[in-house]
Amino acid sequence: MPIPADHPQRWLLNNELHARPPESLVPPEQVSHLVLTSDPKMEGLEREKLAEICARFGHPILVPKSNHFRIDLGPFRLKWQKHTEFTSYTFFRRGPFQEPFANTVIESVPQDWLAELPGQTLVAAHLAIYPMPEKPRTPDELADLFEGNVLTGARTGEGAAIAYADFRIHGDGFSRFIIKDISLTPRQAGRMVQRLLEIESYIMQALLTYPLARSTMPMLGRAEQELANITEAIASATTEEEPALLDQLTKLAATTESMASSIQYRITAAQAYYELVQRRISELRELRAQGMQTFREFSERRMGPAMHTCKTVLRLQESLSRRIGRASELLRTRVNISLEHQNQQVLSSMAKRAKLQLHLQETVEGLSVAAITYYVVGLVGYLAKAAKAANLPINPDLAIGISIPVVALLVALGVRKIRRMVTQNQGAD
């Protein structure tokens, strides 16, 4: 049917609705799960490794460009997922087994291929899901499967299964999960497995920020002390000392902002991952199993302090930035007031100098009028004497005396007109 052209992102957005669907599982199943650190530069190599393992098992297919991929390779099924900061590889194998963590799925995966996967291992986990046996293991027998570690567990799916974990790395480098199926459907089983594995993955992603937050605390403490010293110095600083204090505050602000740019993103990401952990736990719909702490209790008791530390660091950093900003504004105000006072003194001094220059100019103008009058009157005297020598009826002394006030008045008027013209030209400029 002819319809308008698709939006460039229509297919991408539609596929995102169906991204990372859970695997449909029919217990008994064994699962091995790897989470590797990743970045956009590794994506090409990751897809090449996927194509390589498919070819090794007789499936030379073109790996799609989407962020998730699954395939049945015979000895195991592979599910690959590309996330923002990590990549996960999950291997499934269906069939009965004697011991949950013996002869694991990942042992069937080519070891040389595993060793060449790009990234660093952040999470490695084995999970076994199997029907509830007629004779359940005793608490001691169950603890033996986890090497005697304290277990976290709960009835999940409102009683449709029981899940156990210890969230510890065992001697083989993997953590362990067990799900005992009571009445799970294949889809429910797949969702439960995915949620448990995502809980550990998101826990580790969230905790990546904790070492950074702890290392930032001493730096914030030093910055706090430096700000306190500067603030104390501002109270008693002289005008000459204020620019140096402002320079110190500016450098401290730059250091604090640099620190903030390095931790704020990670702390925000940690909070988002912690929220995902809580959401996945809520989706388990836990009911307490006798004698065990639930997954929510484990996350709140073990992750809570670390996340609180991260939030505290972010709050302290934001508070420090605000107080540095207020101190800077205060000091800038003081510096501006000092500068205005200095400017007023300069303007007052300039006004005095201008007044003196005006008086000097008036004095010079008066002398100029007298000098010009003297020379002009002298010329008049020469003319009068010349006229008398020509037998004209002129008294030279009388002519000189009469010309003095006339010449002086004309010269004064001329000088004033010239000064007015110069002043007008300066005003126009």
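**Exercise 1. Work out how α6 and α7 are oriented relative to each other.**

Step 1. Find the two helices: α6 covers residues 209-235, and α7 covers residues 242-284. Helices here are DSSP runs of H or I with at least four residues, strands are runs of E with at least two, and both are numbered from the N terminus.

Step 2. Look at the axes, which are lines fitted to C-alpha atoms, for helices over the stretch in contact, with angles from 0 to 180 degrees between N-to-C directions. The axes of α6 and α7 come within 10 Å and cross at roughly 155°.

Step 3. Apply the cut-offs: under 35 degrees is roughly parallel, over 145 roughly antiparallel, 65 to 115 roughly perpendicular, and the rest oblique. α6 and α7 are therefore roughly antiparallel to each other.

Step 4. Add the handedness: α6 passes α7 in a left-handed crossing. Left-handed means that the near helix is turned anticlockwise from the far one by less than a right angle; clockwise would be right-handed.

A word on the model before you go on: it is predicted, so local features need pLDDT of at least 70 and side-chain atom pairs count only at pLDDT 80 or more, while totals for chains, interfaces and linings use all residues. Residues are numbered from 1 along each chain as its sequence is written, and side-chain values use heavy atoms, leaving out hydrogens and water.

**Exercise 2. Describe the residues where α6 meets α7.**

Step 1. Use the contact rule, heavy atoms within 4.5 Å. On the α6 side you will find, among them, Leu 212, Met 219 and Leu 227; the α7 side includes Leu 249, Leu 252 and Ile 263.

Step 2. Sort by class. Ala, Val, Leu, Ile, Met, Phe, Trp, Tyr, Cys and Pro count as nonpolar, Asp, Glu, Lys and Arg as charged, and the others, Gly among them, as polar. The contact of α6 with α7 has 15 nonpolar, 4 polar and 2 charged residues.

**Exercise 3. Repeat the analysis for α5 and α7.**

Step 1. α5 (residues 186-207) packs against α7 at about 155°, with the axes 8 Å apart. α5 and α7 are therefore roughly antiparallel to each other.

Step 2. The crossing of α5 past α7 is left-handed.

Step 3. Residues of α5 in this contact include Met 192, Leu 196 and Tyr 202, and they meet a set in α7 that includes Tyr 273, Val 277 and Ile 281. By class, the contact holds 13 nonpolar, 1 polar and 5 charged residues.

**Exercise 4. Two residues have a positive phi without being glycine: place Phe 167 and Arg 285, and decide whether each is buried or exposed.**

Step 1. Phe 167 has a phi of about 55° and sits in the loop between β7 (161-165) and β8 (175-181).

Step 2. Buried means under 20% relative accessible area, exposed over 50%, and partly exposed in between (1.4 Å probe, protein chains only). With 18% relative accessibility, Phe 167 therefore counts as buried.

Step 3. Arg 285 has a phi of about 50° and lies in the loop between α7 and β9 (287-288). Its relative accessible area is 37%, so Arg 285 is partly exposed.

**Exercise 5. Locate the cis peptide bond.**

Step 1. The bond from Pro 27 to Pro 28 is cis, with omega near 10°.

Step 2. Pro 28 belongs to the loop between α1 (10-17) and β1 (29-37).
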